[in-house]
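This report describes selected features of the model shown below. It takes up two helices, the sheet, the nonpolar cores and a few backbone details.

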Amino acid sequence: MAHVRSLFFTGVASESESKAQEAKRLGRPSSLIWNITNRCNLLCSHCYMAADGHVKPDQLTDTDAYEMIDRMHDAGVPVVFLSGGEPMMRPNFWEILSRINAAGVRPTISTNCTYVTADAARRLHDNGVRFIATSVYGPREYHDRLTRVPGTYDKVIDAIRHLRAADVKVVVKTALTRETYPYIYDIIAQAKELDCSMIYICDLITSGRSAGEDAMRVTTEQWRELCDFIVDEVADPENTFEYDIGAIPSTIPYIAEQLMARGIDVSKGLDRLTIFSACPVGQGHMTINSEGGVMPCQFAQDWTVGNIHEISFDEATGRLYELNAADSTGQCAPDACDYSRICRGCRVKAWQRAGDPLVEDVTCILNPDAGERTMPDTMRTEAGDAATVGPCHATC
């Protein structure tokens with residue numbers, strides 16, 4: 001995951017990014033996604049968790065949750081993303097949020113927005129929430145068909161308006177598939193019209209309800225077309241809308257190359273990518289599921305390195321950093337691709353395809369047919385040979 005505009009154009013790192021960099025330097029979690037519940041009131045056809053209305057029997061108790069918040073504070077976690085399932089379905093959601101805010105950890109919420117009324121929007125703001133991420137998949141009929149709950153689309157649009165009125169910024173999320181691709185440019189335009197700050201576009205993760213649906217991923221050519229559009233957008237100094245891309249990290253070096261071809265200096269972005277690479281796995285980012293399992297990424301709920309009941313945040317972070325010590329293989333290996341340590345490839349897709357997080361990412365848009373991939377000499381010079389600097393990190 002990488003915020004394209006701020007990565008390549010913003011001069012000074014944001015407060016959150018600076019805190020994340022310092023946390024990584026100290027060997028602490030640089031960001032944390034916490035699935036406080038696996039329950040959801042929607043049944044989205046692509047859901048990588050296959051979330052539904054049932055609570056898992058080993059879900060963290062309220063006492064466990066409050067203790068974990070104290071441990072987050074003690075571990076110096078700078079930001080936590082509360083997610084699910086649908087996090088607002090957890091009965092003590094507001095107490096969890098209040099305690100996180102009081103602990104000095106910055107809270108962000110990923111929600112389907114069906115519980116966000118005007119009053120809830122104000123309450124979220126009062127509890128320190130400055131960003132909400134919510135999903136839009138297309139026009140009303142398609143969105144409601146995908147979520148399998150009629151009326152969802154209208155609730156989301158109303159909620160976005162409530163949140164903006166309460167001075168909470170909104171990130172629109174969407175999963176890019178062969179079905180949603182025809183709507184992507186309309187979704188971007190709508191997000192701008194609704195005064196949203198950013199869109200998060202995620203490649204399809206084929207697990208949960210989308211298991212085995214690899215053919216539903218968009219083509220390399222479609223991803224490149226979308227990236228070219230994003231390049232046009234971020235290269236326009238009058239346009240402040242932000243783009244975030246998830247689960248397909250090769251888009252970031254591709255965008256860097258396109259910017260460089262326009263004569264734009266990309267060295268700042270490449271330099272940051274030596275600290276926070278385009279894939280978060282093994283680089284300070286941590287996900288904790290509803291049962292306390294520590295995961296390298298929220299997109300792989302069955303891939304855990306321990307349980308927070310049994311290991312400390314320091315131990316969990318150490319195990320995650322160990323994943324970054326070994327190089328990827330195949331077309332993602334350092335000797336095959338100069339972007340190996342900047343991009344890393346999607347390690348979750350590798351895990352889901354082969355049970356090995358180090359195999360190559362076959363969805364790479366730079367070099368889908370394998371073979372050596374070399375960074376242009378001008379980019380290598382600008383970046384100070386950034387690809388060889390070492391371990392990287394970013395939030396997913």
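Helix H7, residues 152-165, has 14 residues and reaches 20 Å from its first C-alpha to its last, close to the 20 Å expected at 1.5 Å a residue. The expected span of a helix is taken as 1.5 Å times one less than its number of residues. The model is predicted: local features need pLDDT of at least 70 and side-chain atom pairs count only at pLDDT 80 or more, while totals for chains, interfaces and linings use all residues. Residues are numbered from 1 along each chain as its sequence is written, and side-chain values use heavy atoms, with hydrogens and water left out. Helices (H or I, at least four residues) and strands (E, at least two) are DSSP runs, numbered from the N terminus.

The buried residues of H7 are Thr-152, Tyr-153, Val-156, Ile-157, Ala-159, Ile-160 and Leu-163. Seen down the axis of H7, these buried residues fall within an arc of 160 degrees, so they line one face of the helix. Buried means under 20% relative accessible area, exposed means over 50%, and partly exposed lies in between (1.4 Å probe, protein chains only). The arc is that of the directions from the helix axis to the C-beta atoms. An α-helix has 3.6 residues a turn, so residues three or four places apart point the same way. The buried residues of H7 pack against H5, S5, helix H6 (140-147), S6 and helix H8 (184-193), where contact means heavy atoms within 4.5 Å.

Helix H9 can be described in the same terms. Its 15 residues, 220-234, should span 21 Å at 1.5 Å a residue, and the end C-alpha atoms are 21 Å apart, which agrees. Buried in H9 are Thr-220, Trp-223, Leu-226, Cys-227, Ile-230, Val-231, Glu-233 and Val-234. Down the axis of H9, its buried residues fall within an arc of 155 degrees, so they line one face of the helix. They pack against helix H1 (4-8), S6, H8, strand S7 (198-203), strand S8 (242-246) and helix H10 (251-261).

The sheet is open and has 10 strands in the order S1-S8-S7-S6-S5-S4-S3-S2-S9-S10, with mixed pairing. Strand S1 (2-3) and strand S10 (294-295) stand at the edges, each with a single partner strand, so one side of each is left without a neighbour in the sheet. Two strands pair if DSSP finds at least two bridges between them.

Strand S5 (residues 131-135) is mostly covered, with 4 of its 5 residues buried. S5 pairs in the parallel sense with strand S4 (residues 106-110) over 2 bridges, and with strand S6 (residues 169-176), also in the parallel sense, over 5 bridges. Ile-132 in S5 is the bridge partner of Ile-109 and stands opposite Val-170 in S6. S4, helix H5 (residues 118-126) and S5 make a right-handed β-α-β unit; right-handed means that, with the strands pointing away from the viewer, the path from the first strand over the helix to the second runs clockwise. S7 and S8 pair in the parallel sense over 5 bridges, and the bridge partner of Ile-199 in S8 is Tyr-243.

Thr-174 lies in strand S6 and is buried, with a relative accessible area of 3%. Leaving aside residues up to four places away in sequence, Thr-174 touches Val-136, Tyr-137, Ile-184, Ile-187, Tyr-200, Ile-201 and Cys-202.

A nonpolar core is a set of buried Ala, Val, Leu, Ile, Met, Phe, Trp, Tyr and Cys residues joined through side-chain atoms within 4.5 Å. The largest has 92 residues, of which Trp-34, Leu-82, Trp-223 and Phe-313 touch the most other members. A second, separate core of 15 residues includes Val-171, Cys-279, Phe-299 and Cys-346.

Some residues take a positive phi, as tabulated here.

| Residue | Phi | Place |
|---|---|---|
| Asp-167 | about 65 degrees | just after H7 |
| Asp-195 | about 65 degrees | loop between H8 and S7 |
| Ala-247 | near 65 degrees | loop between S8 and H10 |

Asp-195 is partly exposed, with a relative accessible area of 44%, whereas Ala-247 counts as buried at 7% relative accessibility. Another backbone detail is the peptide bond from Gly-84 to Gly-85, which is cis, with omega near 15 degrees. Gly-85 is found in the loop between strand S3 (79-83) and helix H4 (93-102).
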